[in-house]
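Trainee: Could you walk me through one part of this model closely, namely its helices and what they pack against? I would like to follow it with the structure open beside me.

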Amino acid sequence: MPAPLTYLLIDGHSVIHAWPELLREHRAASRRHLARIELLKRLRNLQDMSGMQVVAVFDGAKQGTNEEREPQGLQIIYADPGTTADTIIERLVARYAKERTMRVVSADGMVRETILSLGAEWISPEILRSLCDGAETQMRARLA
């Protein structure tokens, strides 16, 4: 019987603001999308090498919660204007943490406290960066 799937929920904007190279891109309105593209690229590599199901959640600007699911890939959720990424992450953890391994990446201390009380694990954006770096090193080694 295969091991149960681990879910890694990521507050996308929290990570973008915590990683200096992504924050630089995000600060320039004309380049803001590049920060998101780079983060998603790194998360795809992490998912491919780790076997975790990665779910990136962003505060949205469009009407209605919007979800994208890449074939065999990332799940990306954009919160509607009346909801935050934090709220969506907390709801997912409340619903699924008892039956699945859930890990959450956020720099927000309130989110950390909430998800820990609901049974999920917390990972800092800095630890996520090291996980992504390790996944990319592993990927390069396999391709060499």
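Mentor: Happy to; we will go helix by helix and finish with a strand or two.

A word on the ground rules. This is a predicted model, in which local features need pLDDT of at least 70 and side-chain atom pairs count only at pLDDT 80 or more, while totals for chains, interfaces and linings use all residues. Residues are numbered from 1 along each chain as its sequence is written, and side-chain values use heavy atoms, with hydrogens and water left out.

Let's begin with helix H6, which runs over residues 125–143 (helices are DSSP runs of H or I with at least four residues, strands are runs of E with at least two, and both are numbered from the N terminus). Its 19 residues reach 27 Å from the first C-alpha to the last, close to the 27 Å expected at 1.5 Å a residue (the expected span is 1.5 Å times one less than the number of residues). The buried residues of H6 are Pro125, Leu128, Cys132, Ala135 and Glu136 (buried is under 20% relative accessible area, exposed is over 50%, and partly exposed is in between, with a 1.4 Å probe and protein chains only). Down the axis of H6, these buried residues fall within an arc of 100°, so they line one face of the helix (the arc is that of the directions from the helix axis to the C-beta atoms). An α-helix has 3.6 residues a turn, so residues three or four places apart point the same way. The cover over the buried residues of H6 includes strand E1 (6–11), helix H1 (12–18), helix H3 (32–50), strand E5 (101–105) and strand E6 (121–123) (contact means heavy atoms within 4.5 Å).

Now look at H2, residues 20–27. Here Leu22, Leu23 and His26 are buried, and the buried residues of H2 also fall within an arc of 100° seen down its axis, so they line one face. H1 and H3 are among the elements that cover them. His26 itself counts as buried because its relative accessibility is 13%. Leaving out residues up to four places away in sequence, His26 touches His13, Ile16, His17, Arg32 and Ala35. One of those partners, His13, sits in H1 and is buried at 14% relative accessible area. With the sequence neighbours up to four places away again set aside, His13 touches His26, Arg36, Val57, Phe58 and Asp59.

Next comes a helix pair. H4 (residues 85–96) and H5 (residues 109–117) pack at an angle of about 10°, with their axes 10 Å apart (axes are lines fitted to C-alpha atoms, for helices over the stretch in contact, and angles run from 0 to 180 degrees between N-to-C directions). The two are therefore roughly parallel (under 35 degrees is roughly parallel, over 145 roughly antiparallel, 65 to 115 roughly perpendicular and the rest oblique). Asp86, Ile89, Glu90 and Val93 of H4 meet Met110, Val111, Thr114 and Ile115 of H5. By class, this contact has 5 nonpolar, 1 polar and 2 charged residues (Ala, Val, Leu, Ile, Met, Phe, Trp, Tyr, Cys and Pro count as nonpolar, Asp, Glu, Lys and Arg as charged, and the others, Gly among them, as polar).

Finally, the strands. Thr101 lies in E5 and is partly exposed at 29%. Its contacts, not counting residues up to four places away in sequence, are Leu5, Thr6, Tyr7 and Glu121. Thr101 and Glu121 are 20 residues apart in sequence and 8.1 Å apart in space, C-alpha to C-alpha.
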